[in-house]
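Grab a pencil and try these exercises. Each one has a task, followed by a solution that goes step by step.

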Amino acid sequence: MEKIILIGCGPHSKRVYLPAIKEINNFEIALVVDLESNKDFVNNTLTEYKYDELIFTEAFSNHIPNDLVLKLNHCVSENNIKGVIIATEPLVHKLYAQWALSLGLNILMDKPISTNVDVISSLNNAQNILNDYNDLLNDYINLQESKETIFVINAQRRFHNGFNLVIEKIKEVTNLTNCPVTFIQAYHCDGQWRLPNEIVTQQYHPYCSGYGKASHSGYHIFDIVAQMLKAGYVLEKCPDKMQIMSSFIQPNGFIKQLNENDYKKYFGDEYDNVKLLSDSNLSAIYENYGEIDISSIISFSKDNDVITNVNINLLHNGFAGRTWLKPGDDLYKGNGRIKHEQYNLQQGPFQNIQIHSYQSYDKHDTNNGLEDQLGGKNHFDIYIFRNPKIASCTRQPEIIKLSELNSTNDNRLIMENVKFKVVREFYEYLVGIRAKEDVKSQIEDHLLGVQIMSGIYCSHINKNTNSNSLFEQDVFSKQKEYENNFSA
């Protein structure tokens, strides 16, 4: 029996990690760790799952409490623990990961690799996103000198057949033409409608700690954009610098889009029952709250000449299915959230790839058939246009549906199956049936995504402090340096 420690038993663990572990034979949880403030939620969640021990701790920030470290260490030694899943608030990802690395444990950790309080307003804290990554990577590389382990970041699009196909198509055209990726437009909308007072009170994917969308689901998009760019990597054409310009919509902008009078007109007098504070009172509270929506222009240059432009647009506030005033219990996949995702990628004159994935309703628990049509829960279409000289088919565009790439017949969403696949691969490495080189999304391959995330915050801070939103840093050359150090 292979046992692990699960640190963090929130909505993501409830929907993914716990059921994924349950369906794998001979895979169990020795210890669950969570915050005292989440005690009721965790106890209710764990009623249908098997585990040996449950520990609650008070919130912490600078170091893991000594008594908790002793309990964790005891569990590792008593149960011969080889792996840990870290699914906590990202503010403590680094602390738990450093503890796990100190014991030589294998790690599966949620995205983002880290974030920090007030990254939207503190340049030092925004830069520390990259410093945190460097610290963890160096600790991991040092561990490999004495023991082989894996450190997987749950960037689930790397495990997704549709995105993997796109990556292969990019590589194919690069090999044929020597042309890198020259343009990417990436768009992701959560379809989340969080009411003004909920921005203050809700602690799941919060804004009140000075971070928002980029530190929530945003890292998934930063990471897959980085993978697309790297798939078109051509050594002599590789960019050496990245420049970022960002624009954020924060909560104070949000309540100017729709004010309290607008809400009352839409919901009627019942809105007064949930309006704890007026817009004027909220405005003072919202100062330096995290970002709701992001638009960023990122240019990659070589020898000071731009060779690739990337546009990333990330929204929490977009088309949603919410029609009610009081939030539901499930803020992860419920409460009216409807996902839209789209990519448009160019490789010079040779290839255009588009990904279109648009849901139309917010009930995601079971499928009704394939649901791969426009608006369906599994809608994910890939359009591929190619220059006639290298096209492998006469039809333009070649249209591929995600359902054609997946053979599952169960009632879960295809994306939910992707999330379960992450856990299965982690388990397979722990029990010795998957080699390390066959494990996706390991930490040494995440530098560029982290640089994008950190840089997007730094650009926003630059704009607010010196009227120049441009942020510049070296890229790729450093990535190759890390890869060479690790392989050596």
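**Exercise 1.** Find out how much surface the protein chain exposes, and what share of it carbon and sulfur atoms supply.

*Solution.* Keep in mind that this is a predicted model. Start with the total: the protein chain exposes about 20400 Å². Then take the share: carbon and sulfur atoms supply 47% of that area. For a local example, look at Met-245, Ile-297 and Leu-470, which form a nonpolar patch on the surface. Together these three have about 260 Å² of accessible area.

**Exercise 2.** Locate Leu-470 and decide whether Leu-470 counts as buried, partly exposed or exposed.

*Solution.* First, the place: Leu-470 sits in the loop between helix 13 (447-466) and strand 15 (471-474). Next, the cut-offs: buried means under 20% relative accessible area, exposed means over 50%, and partly exposed is in between. Leu-470 has 32% relative accessibility, so Leu-470 counts as partly exposed.

**Exercise 3.** Check the radius of gyration of the protein chain against that of a compact globule.

*Solution.* Begin with the length, 488 residues; a compact globule of that length would have a radius of gyration near 23 Å. The protein chain has 23 Å, so the two agree. Now add the spans: along its principal axes, the C-alpha trace covers about 60 × 60 × 55 Å. Finally, look inside: buried residues make up 57% of the 488.

**Exercise 4.** Test whether the length of helix 8 fits the rule of 1.5 Å a residue, or does not fit.

*Solution.* Helix 8 runs over residues 218-231, which is 14 residues. The rule takes 1.5 Å times one less than the number of residues, so helix 8 should span 20 Å. Its end C-alpha atoms are 20 Å apart, which agrees. As for cover, 14 of the 14 residues in helix 8 are buried.

**Exercise 5.** Describe the surroundings of Ile-150 and say whether Ile-150 is buried or exposed.

*Solution.* Ile-150 lies in the loop between helix 5 (123-144) and strand 6 (151-154). Its relative accessibility is 1%, so Ile-150 counts as buried. Leaving out residues up to four places away in sequence, Ile-150 touches several others, among them Leu-105, Tyr-140, Phe-426 and Val-439. Now compare sequence with space: Ile-150 and Gly-83 are 67 residues apart in sequence, and their C-alpha atoms are 9.2 Å apart.

Methods: Residues numbered from 1 in each chain as written. Predicted model: local features only at pLDDT ≥ 70, side-chain atom pairs only at ≥ 80, totals over all residues. Heavy atoms only, no water. Patch = residues over 30% accessible without salt bridge, like charges linked within 9 Å, V, L, I, M, F, W, Y side chains within 5 Å. Areas by Shrake-Rupley, 256 points an atom, 1.4 Å probe, with all protein chains shown as cover. Salt bridge = Lys/Arg side-chain N within 4 Å of Asp/Glu carboxyl O. Helix = DSSP H or I, 4+ residues; strand = E, 2+ residues; numbered from the N terminus. Buried < 20%, exposed > 50% of the residue type's maximum accessible area, 1.4 Å probe, protein only. Rg over C-alpha atoms; globule rule 2.2 N^0.38 Å. Contact = heavy atoms within 4.5 Å.
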